[in-house]
Amino acid sequence: SWKRVLEEKHGDFLHLLQFPYNGESPKSLTTLEPVTPNPLHFVRNHGGIPDIDADKLTLEIDGLVKNPKTLTLADLQNEELFPRQSNLVTIQCSGTRRIEQIAEYAGEGDEMINAPWAEGAIGTARWTGVSLKKVIKYCGGLAEGAKHLEFYGADTYFKHETLQNYLVSVPWSKVKANEVLLAWEMNGEPLPKIHGYPLRVVVLGYIGARSVKWLYRIKALKSPSRAPVQSKEYLYFNGQVGKHNESYTQGIQIQQMPVSSAIMSPWTKDVVIHDGTMNVKGWAYSGGGRWPERVEVSPDGGFVWYPVPVENLSKKHKFAWRTWHIDVPVDAEGWLELVVRCWDNSLNTQPTYVRSAWNWGLHVTSSCHRIKVYSVN
Ligand code: MTE
Ligand code: MO
């Protein structure tokens with residue numbers, strides 16, 4: 001996989017794990033543009049990076065569909081069968097900013113700590129392909145009782161004592177809303193191998209885990225996938241649940257990320273020399289089709305807040321983040337705490353501190369993002 005990383009990723013990429021390969025985009029480069037260039041888009045893998053011949057790809061569609069079918073990539077790309085759909089979508093891993101929860105309490109050094117993500121496990125691209133709804137319609141629609149669609153990725157990994165394919169599911173309601181894409185293009189280019197070439201799922205407004213890469217099978221089911229990725233990982237536990245009393249049935253399956261935001265510039269521990277206003281940049285995102293409506297930055301740990309001027313927020317999109325920048329008045333010298341918080345269009349906002357939402361799986365770190373910088377005025 002190193003070969004792929006070196007070929008397909010930016011030279012300043014931050015490598016988190018060598019195998020399975022996981023990496024995130026370096027902070028200062030993450031939010032320079034509202035659309036993330038492909039070489040800077042974070043990578044989250046559970047296993048290897050399969051080599052798939054696009055000409056030989058067969059997509060199996062079976063389970064509770066009226067007419068099970070096997071389609072090729074050429075079938076999917078045949079515009080007489082399926083219209084093209086293109087969406088600007090932010091993919092965020094539910095482990096984004098996990099390092100802050102680890103710093104609070106690592107959960108007994110548990111094996112659930114897959115990757116110590118910082119703020120860069122998020123990226124935005126224009127994805128092109130077909131709506132899965134149209135493909136299911138082409139298969140005669142769902143059979144009686146079908147309510148979920150399970151996606152099979154060609155990569156395998158060993159966990160929970162078994163070797164398994166990467167498998168998860170999403171509810172039919174999501175598919176029906178044309179919010180599940182089978183995509184072969186990322187920002188106008190064929191999918192990079194590391195992002196799922198030749199075909200991947202992109203679920204609009206859901207956590208990254210549902211957007212299965214290297215897709216080769218879709219199965220219609222009555223209930224959500226029983227595979228471990230769905231039923232044991234990506235669960236949001238109550239704060240009292242830990243290794244000693246683990247009970248997977250108590251976890252909520254994470255689908256939509258709540259509203260969150262992060263400061264990407266300056267960096268924590270930076271010495272910032274300024275003339276009375278400090279330039280601060282970052283991203284803000286909310287899952288499920290909600291969008292950031294207001295972003296505020298505090299230079300004093302959360303007492304005084306300055307709203308980001310609307311013209312400094314990137315364009316509003318239903319399924320994408322908004323990047324932002326602000327010149328914050330700062331007269332203090334020495335160490336200070338910069339904080340960001342955001343409201344989405346449903347007026348949801350972020351928990352104040354990391355510890356108020358600590359959970360054993362170390363997912364969904366959405367509290368107000370805080371960094372310490374040294375101010376020289
Ligand atoms: N698909 C497969 N086949 N295997 C994986 O390990 N990881 C998922 C998802 N799809 C994964 C997968 C997770 S957890 C995330 S966050 C996204 O892919 C990341 O997508 P990216 O690597 O293209 O950024
Ligand atoms: Mo993820």
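## A loop residue with positive phi

Asn 187 belongs to the loop that connects β10 (180-186) with β11 (189-190). In this predicted model, the phi angle of Asn 187 is near 50°, a positive value in a residue that is not glycine. Most residues other than glycine have a negative phi.

## Two cis peptide bonds

Most peptide bonds are trans. One cis peptide bond in the model joins Phe 19 and Pro 20, with omega at about -10°. Pro 20 is placed in the loop between β1 and β2.

Another cis peptide bond links Ser 265 to Pro 266, and its omega is about 0°. Pro 266 is part of the loop between β16 and β17 (271-273).

## The sheet β1-β2-β3

The loop that holds Pro 20 runs between β1 and β2, and these two strands belong with β3 to an open sheet of three strands. The order in this sheet is β1-β2-β3, and the pairing is antiparallel. β1 (14-17) and β3 are the edge strands, each pairing on one side only.

Strand β2 (residues 22-24) is joined to β3 by two bridges, and the two strands run antiparallel. Asn 22 has Arg 44 as its bridge partner in β3.

## The sheet β16-β18-β21

β16, which precedes the loop with Pro 266, takes part in another open sheet of three strands. Here the order is β16-β18-β21, again with antiparallel pairing. Because β16 (260-265) and β21 (322-329) stand at the edges with a single partner strand each, one side of each is left without a neighbour in the sheet. From one strand to the next, the twist averages 35°. In general, strands of a sheet pair through backbone hydrogen bonds, in either a parallel or an antiparallel manner.

Five bridges connect β16 with β18, and the two run antiparallel. Within this pairing, Ser 260 has Tyr 285 of β18 as its bridge partner. Strand β18 (residues 277-285) is also joined to β21, by eight bridges and in antiparallel fashion. Asn 279 stands opposite Asp 327 in β21, while the bridge partner of Val 280 in β21 is Ile 326.

## The surroundings of ligand 1

Where does ligand 1 sit? Ligand 1 occupies the largest cavity. Around ligand 1 there are 19 residues, of which Phe 42, Asp 155, His 195, Arg 200 and Lys 213 come nearest. Strands also contribute to this shell: β3 (43-44) and β8 (148-159) each supply at least two of its residues. β3 thus appears in two settings, as an edge strand of its sheet and as a contributor to the shell around ligand 1.

Several polar atoms of the protein lie opposite atoms of ligand 1. A polar side-chain atom of Lys 213 is 2.5 Å from an oxygen atom of ligand 1, and a polar side-chain atom of His 46 lies 2.7 Å from an oxygen atom of the ligand. Ser 211 contributes through its backbone, with a polar atom there 2.9 Å from a nitrogen atom of ligand 1. On its own, ligand 1 has 530 Å² of accessible area, and the protein covers 100% of that area.

Note on methods
Residues are numbered from 1 along each chain as its sequence is written. Chains are lettered from A and ligands numbered from 1 in the order in which they are written. This is a predicted model: local features need pLDDT of at least 70, side-chain atom pairs count only at pLDDT 80 or more; totals for chains, interfaces and linings use all residues. Side-chain values use heavy atoms; hydrogens and water are left out. Two strands pair if DSSP finds at least two bridges between them. Helices (H or I, at least four residues) and strands (E, at least two) are DSSP runs, numbered from the N terminus. Axes are lines fitted to C-alpha atoms, for helices over the stretch in contact, and angles run from 0 to 180 degrees between N-to-C directions. A residue is near a molecule or strand if one of its heavy atoms lies within 4 Å of it. A polar contact is a pair of N or O atoms within 3.5 Å; within protein, one must be able to donate a hydrogen and the other to accept it, and residues adjacent in sequence count only if both atoms are side-chain atoms. Accessible areas come from the Shrake-Rupley method with a 1.4 Å probe; for residues, only the protein chains shown count as cover. On a 1 Å grid over the protein atoms alone, a cavity is a set of points where a 1.4 Å probe fits but cannot get out, and a pocket is an open set with protein on both sides within 12 Å along at least five of seven lines; lining residues have an atom within 4 Å of a point. A molecule sits in a cavity or pocket if more than half of its atoms lie within 2 Å of its grid points.
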